[in-house]
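Biologist: Could you put the model up, so that we can go through a few parts of it together?
Modeller: Here it is, and we can take the topics in whatever order you like.

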Amino acid sequence: MTTLGPTGGEHQLRHHTIRSARIVGDDGEESVVATVYCPVRERSMAARECESCSRFHALHFDKSSRTTSVVCHASHAAPGTGEAAPLRSVGADVAVNPEAPLAEIMTKDVICIRSEVSLDDITALLVRHEISGMPVVDAAGKPVGMVSRADVLRAAEERGDTEESRRVASRSDEVAPLEMDQGFHVYEPVRVTARDVMTPVVVQLHESASIRQAASLMAYEGVHRLPVVADDGKVVGILSSLDVLRWFGRCCGYLIPPARKRA
């Protein structure tokens, strides 16, 4: 979230939360890409690039939310921040800005997986991180699909108590080949991966898109989450229906604690 700090001289200090995209491969290894949305350049950039910027002030770690922010100087209001003129009012002295960018509202720590990750590993990730879905990305970090708990449950129901298997041919280089009577064969379970269970058509939006665009698209497509991408097409966040509701509630003046679970 972009927040205003105390004024000092002609500039104000702004806090821009560092987002992390964790990509899990089929070997279980994770790679982390840290980015921050720059309202001056109106695009995402690597967090390490901020330190060489003339507007850079410091890095700040918030203990309560356990998030790290880039603190920088800004001489003018950033697009989509609280200084923007609200387009709609809800109740007394409460303003809702439907043009607020997704970069300010989305979940900034997102778990992504490659299409080769197994169904068992997908289930473990959903349980471990207490999430209901995650983007499937290619080697470049661009979304190619979305997998949800519903997809996992559907795949488990279709498999039932039996698993699809394939016949394994005996090889001469095996150290200890199995001795079986005639008519018997060795079979191994077919590995079900994200590619087999994901929804391949990805509905996504750019991080500069507005919350009204996102809410309209989610309602029209009937989806509960959207990958949010940067200029290069890589995933930098995820927007869920709960993120939209939390944002709206806070705009209406309600005290809503940070999400304990990623959507």
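Modeller: To start somewhere, this is a predicted model, and in it G133 stands opposite S148 in β12.
Biologist: Which way do β11 and β12 run, and how many bridges join them?
Modeller: They run antiparallel, with five bridges joining β11 to β12. The two strands form a hairpin that has five residues between them, and in the turn G141 has a positive phi of about 85°.
Biologist: And why call β12 largely enclosed?
Modeller: Strand β12 covers residues 143-148, and five of its six residues are buried, so the rest of the structure largely encloses this strand.
Biologist: What about P135, where does that sit?
Modeller: P135 belongs to strand β11, residues 133-137, and with a relative accessible area of 0% P135 is buried.
Biologist: What is P135 in contact with, leaving aside its neighbours within four places in sequence?
Modeller: With those neighbours left aside, the contacts of P135 are V110, I111, C112, I113, G145, M146, P227, V235 and I238. As for distance along the chain, P135 and R225 are 90 residues apart, yet their C-alpha atoms are separated by 9.4 Å.

Biologist: Switching to A194, is that buried or exposed?
Modeller: A194 has 0% relative accessibility and therefore counts as buried; its place is in helix α3, residues 194-197. Leaving aside neighbours within four places in sequence, A194 is in contact with I113, R114, S115, V117, I122 and V136. One of these contacts, I122, lies 72 residues from A194 along the chain, with a separation of 7.5 Å between the C-alpha atoms.

Biologist: Now the open sheet, what is the strand order?
Modeller: Three strands form that open sheet, in the order β15-β16-β17, and the pairing is mixed.
Biologist: Why do β15 and β17 each have one side without a neighbour in the sheet?
Modeller: Both stand at the edges, β15 at residues 205-206 and β17 at 235-240, and each has a single partner strand, so one side of each is left without a neighbour in the sheet.
Biologist: In which sense do β15 and β16 pair?
Modeller: They pair in the parallel sense over two bridges, β16 being the strand at residues 225-229, and L205 stands opposite V228 in β16.

Biologist: Which residues touch the most other members in the largest nonpolar core?
Modeller: That core has 18 residues, and L102, I211 and L239 are the ones that touch the most other members. At least two residues of this core come from each of α4, β16, β17 and α5, and α4 gives the most, with three residues.
Biologist: And what does L102 touch, apart from neighbours within four places in sequence?
Modeller: Leaving those aside, L102 is in contact with L205, H206, E207, A209, S210, I211, A214, V228 and L239. A second, separate core of 17 residues includes L119, L125, M134 and V197.
Biologist: Which residues of α5 are buried?
Modeller: In helix α5, residues 241-251, the buried ones are D243, V244, R246, W247 and G249, and what covers them includes β9 (95-96), α4 (211-221) and β17. After α5 comes G253, whose phi is positive, near 95°.

Biologist: Any empty space inside, and how many cavities of 30 Å³ or more are there?
Modeller: The count comes to three cavities of 30 Å³ or more, and the largest cavity holds about 150 Å³ of space. Its lining has 17 residues, of which H16, C38, C50, C53 and C72 are the closest to its centre.
Biologist: What gives the most to that lining?
Modeller: β7 gives the most to the lining of the largest cavity, with four residues, while β2 (11-17), β4 (30-38) and β7 (67-74) each supply at least two. By class, the lining of the largest cavity has twelve nonpolar, two polar and three charged residues.
Biologist: Last one, T35: buried or exposed?
Modeller: T35 lies in strand β4 and counts as buried at 12% relative accessibility. Leaving aside neighbours within four places in sequence, T35 is in contact with T17, I18, R19, M45, A46, A47 and V236.

Definitions and conventions:
Residues numbered from 1 in each chain as written. Predicted model: local features only at pLDDT ≥ 70, side-chain atom pairs only at ≥ 80, totals over all residues. Heavy atoms only, no water. Pairing = 2+ DSSP bridges. Buried < 20%, exposed > 50% of the residue type's maximum accessible area, 1.4 Å probe, protein only. Contact = heavy atoms within 4.5 Å. Core = buried A, V, L, I, M, F, W, Y, C linked by side-chain atoms within 4.5 Å. 1 Å grid on protein atoms, 1.4 Å probe; cavity = no way out; pocket = protein on both sides within 12 Å on 5 of 7 lines; lining within 4 Å. Points joined across faces, edges and corners; volume = space filled by probe spheres on them. Nonpolar A, V, L, I, M, F, W, Y, C, P; charged D, E, K, R; others polar.
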